Amino acid sequence: MIIGGPSAVIVASFITLYLAITHPDPAIDDYYRKGIEINKTLDAQAQAGQTDAMAPAIQARNHAQTGLKPAEQ
């Protein structure tokens, strides 16, 4: 009983070692460049969404600064 637990852990560690050696994880090709491209895409989408969402606030700010009403569309 005392030796059974540690021996089971040793056997399980060798099985884990065997699986790690025979089934390695694939390497990711150029992950840094792909991450930069994803960030640029997300930033562009956020800027486009922010511009549309901020349009009423920008018009109100322009009206407050110039005193002119924005053109009706």
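**View 1. Ile10 in helix H1 of the predicted model.** In this predicted model, Ile10 belongs to helix H1, which covers residues 4-22. The relative accessibility of Ile10 is 47%, and because partly exposed residues are those between 20% and 50%, Ile10 counts as partly exposed.

**View 2. A nonpolar patch on the surface.** Ile10 is also one of the residues of a nonpolar surface patch, in which it is joined by Phe14, Leu17 and Ile21. Taken together, these four residues, Ile10, Phe14, Leu17 and Ile21, have about 440 Å² of accessible area.

**View 3. The salt bridge between Arg33 and Glu37.** When the whole structure is searched, one salt bridge is found, and Arg33 forms a salt bridge with Glu37, with 2.9 Å between the closest N and O atoms. Side chains of opposite charge can pair when their charged atoms come close. Both Arg33 and Glu37 sit in helix H2, which covers residues 31-66, and they are four residues apart, about one turn of the helix.

**View 4. Exposure of the two salt-bridge partners.** Arg33 has a relative accessible area of 43% and is therefore partly exposed, while Glu37, with a relative accessible area of 41%, is likewise partly exposed.

**View 5. The protein chain as the setting for the close-ups.** The protein chain holds two helices and zero strands. Among its 73 residues, 0% count as buried, a label that applies to residues under 20% relative accessible area. The chain exposes about 7,000 Å², and 65% of this area is supplied by carbon and sulfur atoms.

Notes
Residues numbered from 1 in each chain as written. Predicted model: local features only at pLDDT ≥ 70, side-chain atom pairs only at ≥ 80, totals over all residues. Heavy atoms only, no water. Salt bridge = Lys/Arg side-chain N within 4 Å of Asp/Glu carboxyl O. Buried < 20%, exposed > 50% of the residue type's maximum accessible area, 1.4 Å probe, protein only. Patch = residues over 30% accessible without salt bridge, like charges linked within 9 Å, V, L, I, M, F, W, Y side chains within 5 Å. Areas by Shrake-Rupley, 256 points an atom, 1.4 Å probe, with all protein chains shown as cover.
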